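Here is a short set of exercises to work through with the structure at your side. Try each task before you read its solution.

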Amino acid sequence: MGKLYGLIGHPIGHSMSPVMHNGEFKELGLSHHYHAFDLSPEQLEDGVDAMKMLDIQGFNVTIPHKVAIIPLLDEVEQEAIDIGAVNTVYKRDGKYIGTNTDGSGYLLSLLTLIGEKNLSGKKILVIGAGGAARAVAVSVSQSEVASLTIANRTLEKAEELSKLCQHYSVANAITLSEAETSLGQFDIVINTTSIGMSPHLDRMPISLEHIRSGTVVSDLIYNPLETKWMKLAKSKGAVTDNGISMFVEQGALAFEKWTGVSPDRKRMRNTVLKELGGY
Ligand code: NAP
């Protein structure tokens, strides 16, 4: 029998998750349905109660509920506790359990890009220290990196995140201008800020004047599919990737938690790309 899955957030009209998950349910012959529920912060508690009454089997959680959902759940997995946010909830033995697939999804997509099993020996620069940066930095720091540096406009937030990552790796915080001048020493540079996202297409998170050819440059943004910053990085010999890879992988990991079935990542990616007009 078909089961109900979904997404809670506010606003959620732009989300690619329903088309990605429903497309995959259909392709795999599963009669499940994934529905986007727009819940304002004031509606969160009642909304989660209503989801439980509907016997929803699992749901994604997006902005602004990733932290506020935590006390409303029966259990939270260690990965989500480390990151401090939940992006996926699944039902087991009548309990609603929170986890986080953003960080592990990002890490898997990065490892696929570079063709490695871990980040051993790599010097990583993360630009930004918001919610997405937390997931990315915590997961990356657990993958045997040589060092992890976090640069952010608000330096205190980068310092706080680097302290958290020091549990797992060598980690430090720097300013955005220090990141620009020391760019040549990093193997992998990750933009987790929203700078360059539509409609502000002309903006760039940091200058790329000192980038080395062959550096891996990854941008979590996927609207546009290629930011001005990524285009420039590519023109300077960088290996680039956009945020679709993370989006698909975090969704695929949630899909596996919910159904026990491994979805076709390539097909999910094509579904999203088609929806975004880039296929
Ligand atoms: P967030 O928590 O609001 O964090 C935003 C970050 O960007 C902060 O570090 C902030 O710096 C920085 N920032 C914003 N405007 C800036 C500006 N004008 N100059 C300098 N720094 C600025 O947002 P988030 O949830 O982390 O999301 C960030 C981006 O990641 C968004 O584009 C989102 O779409 C993307 N994302 C992608 C995926 C995916 O699956 N591909 C998943 C999650 C998020 P301050 O700390 O100084 O404010």
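The exercises below use a predicted model, and each one comes with a worked solution.

**Exercise 1. Find which residues come nearest to the ligand, and sort the shell around the ligand by residue class.**

Solution. Start with the residues around the ligand, of which there are 21. Those that come nearest are Ala-129, Ala-132, Asn-152, Thr-154 and Lys-157. Next, sort the shell: 10 residues are nonpolar, 9 are polar and 2 are charged. Finally, look for helices that supply at least two shell residues each; α5 (131–141) and α9 (244–259) both do so.

**Exercise 2. Work out why the ligand lies between domain 1 and domain 2.**

Solution. Take the bounds first: domain 1 covers 4–100 + 245–276, and domain 2 covers 103–242. Then check where the shell residues come from. Both domains contribute to the shell, so the ligand lies between them. As for the space that the ligand takes up, this is the largest pocket.

**Exercise 3. List polar contacts of the ligand with Asn-152, Leu-220 and Phe-247, using a cut-off of 3.5 Å between N or O atoms.**

Solution. Go through the residues in order.

- Asn-152 uses a polar side-chain atom, 2.8 Å from a ligand oxygen.
- Leu-220 places a backbone N or O atom 2.9 Å from a nitrogen atom of the ligand.
- Phe-247 has a polar backbone atom 3.4 Å from an oxygen atom of the ligand.

To finish, consider the cover: on its own the ligand has 920 Å² of accessible area, and the protein covers 74% of this.

**Exercise 4. Locate the cis peptide bonds at Pro-11 and Pro-64, and the positive phi of Asp-93.**

Solution. Recall that most peptide bonds are trans and that most residues other than glycine have a negative phi. Now take the backbone cases in turn. His-10 and Pro-11 are joined by a cis bond with omega about 0°, and Pro-11 belongs to the loop between β1 (4–9) and α1 (17–27). From Ile-63 to Pro-64 the bond is also cis, with omega near 10°; Pro-64 sits in the loop between β3 (58–61) and β4 (75–76). Asp-93, not a glycine, has a phi of about 50°, and its loop runs between β5 (88–92) and β6 (95–99).

Notes: Residues numbered from 1 in each chain as written. Predicted model: local features only at pLDDT ≥ 70, side-chain atom pairs only at ≥ 80, totals over all residues. Heavy atoms only, no water. Near = heavy atom within 4 Å. Polar contact = N/O pair within 3.5 Å; in protein donor to acceptor, adjacent residues only side chain to side chain. Areas by Shrake-Rupley, 256 points an atom, 1.4 Å probe, with all protein chains shown as cover. 1 Å grid on protein atoms, 1.4 Å probe; cavity = no way out; pocket = protein on both sides within 12 Å on 5 of 7 lines; lining within 4 Å. Sits in = over half its atoms within 2 Å of the grid points. Helix = DSSP H or I, 4+ residues; strand = E, 2+ residues; numbered from the N terminus. Nonpolar A, V, L, I, M, F, W, Y, C, P; charged D, E, K, R; others polar. Domains from an automatic or database assignment.
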